[in-house]
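Welcome! Take a moment to look over the sequence and the 3D view below, and then let us walk through them together.

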Amino acid sequence: MDILERIKKNAGGPIGMYQAYSHGYFSFPKLEGDIGPRMTFRGREVLNWSLNNYLGLANHPEVRKADAEGAAQFGMAAPMGARMMSGQTKYHEQLERELAAFVGKEDAFLLNFGYQGMISIIDCLLTRRDVVVYDAESHACIIDGLRMHTGKRFVFGHNDMESLRKQLEHAKKVAGETGGGILVITEGVFGMKGDLGKLDEIVALKKEFDFRLLVDDAHGFGTMGPEGRGTAHHFGAIDGVDVLFNTFAKSMAGIGAFVASHKYLVDYLRYNMRSQTYAKSLPMPMVIGAFKRLELIKTRPEYLEKLWTIVRALQQGFRDRGFDIGVTQSPVTPVFLKGDIPEATNLVVDLRENYNLFCSVVVYPVIPKGEIILRIIPTAVHTLEDVEYTLKCFDAIRGKLDAGEYKKPMPNMADK
């Protein structure tokens with residue numbers, strides 16, 4: 001079959017098949033105005049719980065000033081070219097040194113994007129002789145990186161240490177036959193459910209199985225551990241993490257990422273990561289802005305304290321009201337409900353149209369049929385009043401869900 005004909009008949013794939021009624025409302029919604037707890041959605045102000053702006057830096061006046069000054073001084077084009085060829089600057093190097101020191105590693109390499117950075121790190125570290133063991137709920141960037149690996153890979157049950165041990169036994173046997181090494185990949189904070197990777201327990205297994213550990217701590221950087229240094233510091237396991245990956249898209253409220261490790265390994269990545277060798281360097285305004293963001297994380301502990309004040313109030317409030325928020329140990333707050341896709345659709349419409357509350361919804365095929373996750377992301381710029389209002393809204397929509405009020409035809413919000 002012709003490629004384009006196949007795509008046309010496929011109706012957009014497992015998620016895109018719903019675009020006829022979801023586009024612009026459930027998918028690709030437009031939140032307008034200054035980034036913060038109150039934004040505009042389809043002409044109405046909503047209480048927004050859907051941005052990973054954990055420390056509230058996205059609209060911080062000092063951050064906006066630094067971004068503007070960086071753009072005014074350098075423009076958006078500088079530096080031109082990839083880092084290896086013509087895109088290297090003293091500012092990129094200085095930021096790498098500061099990031100490495102903050103997370104407790106010898107060196108760091110600044111990346112232009114997080115998603116492609118992780119893919120490239122995995123591709124760069126492994127040969128076909130090596131074996132990978134990874135958590136079943138790893139982020140899509142990890143899965144896509146593993147798709148490039150031509151050697152063996154084994155998946156262990158999410159945060160299941162017995163499953164990890166069993167898969168490490170398989171990996172050890174295969175690596176012994178191929179002459180390769182073993183790489184374990186997990187996350188510091190799992191972005192869907194909010195639970196933490198068991199980094200201390202995983203590190204403890206290294207003596208027995210002789211593997212290296214790569215950790216994606218995108219949601220942990222700035223939110224977990226002393227001073228927000230990350231999940232590995234939260235567990236006191238930073239020395240056992242061989243390769244640490246963080247993005248700027250969460251607590252840093254920016255664009256870019258970095259990988260931190262031993263100096264020799266970072267040097268190897270600098271010269272071998274294809275996503276950096278063949279792509280443009282991180283633009284200067286992003287670099288200059290990142291200095292200010294990192295400075296605020298290090299010097300304004302009250303932002304982290306405020307974040308956790310909101311997190312504790314929100315999560316305890318849900319628990320006190322009998323809501324299921326799973327096993328989250330981080331700011332990520334999933335609320336688990338039961339219902340099919342039409343019910344989830346009507347519930348979200350009710351929240352947005354009648355309660356002026358905006359949060360992300362997750363349904364099948366991302367999670368099993370009959371389940372609904374409303375994902376709440378608290379930030380340091382939310383208030384306790386926001387929390388109390390949200391809890392009352394959730395009490396109301398749960399009552400309607402239980403009463404069957406959301407069992408009606410799915411509205412076509414794309415037409416409105």
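Is Asp350 buried or exposed? Before answering, please keep in mind that this is a predicted model. With a relative accessible area of 6%, Asp350 is buried. The word applies because buried means under 20% relative accessible area.

Asp350 also has a partner to meet. It forms a salt bridge with Lys400, and the closest N and O atoms of the two are 2.9 Å apart. This pair ties together distant parts of the chain, since Asp350 sits in helix α16 and Lys400 in helix α17, which covers residues 384-402, with the two positions 50 residues apart in numbering. Lys400 counts as partly exposed, at 21% relative accessibility, whereas Asp350 is buried. As a general point, side chains of opposite charge can pair when their charged atoms come close.

That pair belongs to a wider set, for the structure holds 26 salt bridges. Another one to find is the bridge between Asp242 and Lys206, where the closest N and O atoms are 2.7 Å apart. It too links distant parts of the chain: Asp242 is in the loop between α11 (231-234) and β9 (243-247), Lys206 is in helix α10 (residues 206-209), and they are 36 residues apart. Here both partners are tucked away. Asp242 counts as buried at 7% relative accessibility, and Lys206 counts as buried at 16%.

For a further example, turn to Arg229, which forms a salt bridge with Glu227, with 2.9 Å separating the closest N and O atoms. Arg229 is partly exposed at 22% relative accessibility, and Glu227 is partly exposed as well, with a relative accessible area of 43%. Salt bridges can also join up into a network, as they do for Arg83, Glu96, Asp107, Lys263, Asp267 and Arg270.

Now come back to Asp242, which leads us to the pockets. It is one of the residues that lie nearest the centre of the second largest pocket, along with Leu125, Ile182, Leu183 and Arg212. How many residues line this pocket? The lining is made of 14 residues. Two elements, β7 (182-187) and α12 (263-272), each give two or more residues to it. Sorted by class, the lining has eight nonpolar, two polar and four charged residues. The volume of this pocket is about 270 Å³.

Next, look for spaces enclosed by the protein. A search of the whole structure finds two cavities of 30 Å³ or more. The largest cavity has a volume of about 50 Å³. Its lining includes Gly36, Pro37, Trp49, Ile377 and His382. Five residues of this lining are nonpolar, six are polar and none is charged.

The second largest cavity has a volume of about 30 Å³. Around it you will find Asp67, Phe248, Gly254, Ile255, Met286, Ala290 and Arg293. Helix α14 (residues 284-299) gives the largest share of this lining, three residues. By class, the lining divides into four nonpolar, one polar and two charged residues.

Let us move on to the backbone, where a few details deserve a visit. In general, most residues other than glycine have a negative phi, and most peptide bonds are trans. Which peptide bond is cis here? It is the one from Ala78 to Pro79, with omega near -10°. To find the spot, follow the loop between α4 (61-74) and α5 (90-103), where Pro79 is located.

Two asparagines also stand out. Asn159 has a positive phi of about 55° although it is not a glycine, and its place is the loop between β6 (153-156) and α8 (161-178). Asn356, likewise not a glycine, has a positive phi of about 55° and lies in the loop between α16 (341-354) and β12 (357-358). Their surroundings can be set side by side: Asn159 is buried, with a relative accessible area of 8%, whereas Asn356 is partly exposed, at 29%.

Our last stop is on the surface. Ile3, Leu4 and Ile7 form a nonpolar patch there, and together they have about 320 Å² of accessible area. Ile7 belongs to helix α1 (residues 3-9). With a relative accessible area of 46%, Ile7 is partly exposed.

Note on methods: Residues are numbered from 1 along each chain as its sequence is written. This is a predicted model: local features need pLDDT of at least 70, side-chain atom pairs count only at pLDDT 80 or more; totals for chains, interfaces and linings use all residues. Side-chain values use heavy atoms; hydrogens and water are left out. Patches are made of residues with over 30% relative accessible area and no salt bridge: like charges are joined within 9 Å, nonpolar side chains (Val, Leu, Ile, Met, Phe, Trp, Tyr) within 5 Å. Accessible areas come from the Shrake-Rupley method with a 1.4 Å probe; for residues, only the protein chains shown count as cover. A salt bridge is a side-chain nitrogen of Lys or Arg within 4 Å of a carboxyl oxygen of Asp or Glu. Helices (H or I, at least four residues) and strands (E, at least two) are DSSP runs, numbered from the N terminus. Buried means under 20% relative accessible area, exposed over 50%, partly exposed in between (1.4 Å probe, protein chains only). On a 1 Å grid over the protein atoms alone, a cavity is a set of points where a 1.4 Å probe fits but cannot get out, and a pocket is an open set with protein on both sides within 12 Å along at least five of seven lines; lining residues have an atom within 4 Å of a point. Grid points are joined across faces, edges and corners, and a volume is the space filled by probe spheres set on the points. Ala, Val, Leu, Ile, Met, Phe, Trp, Tyr, Cys and Pro count as nonpolar, Asp, Glu, Lys and Arg as charged, and the others, Gly among them, as polar.
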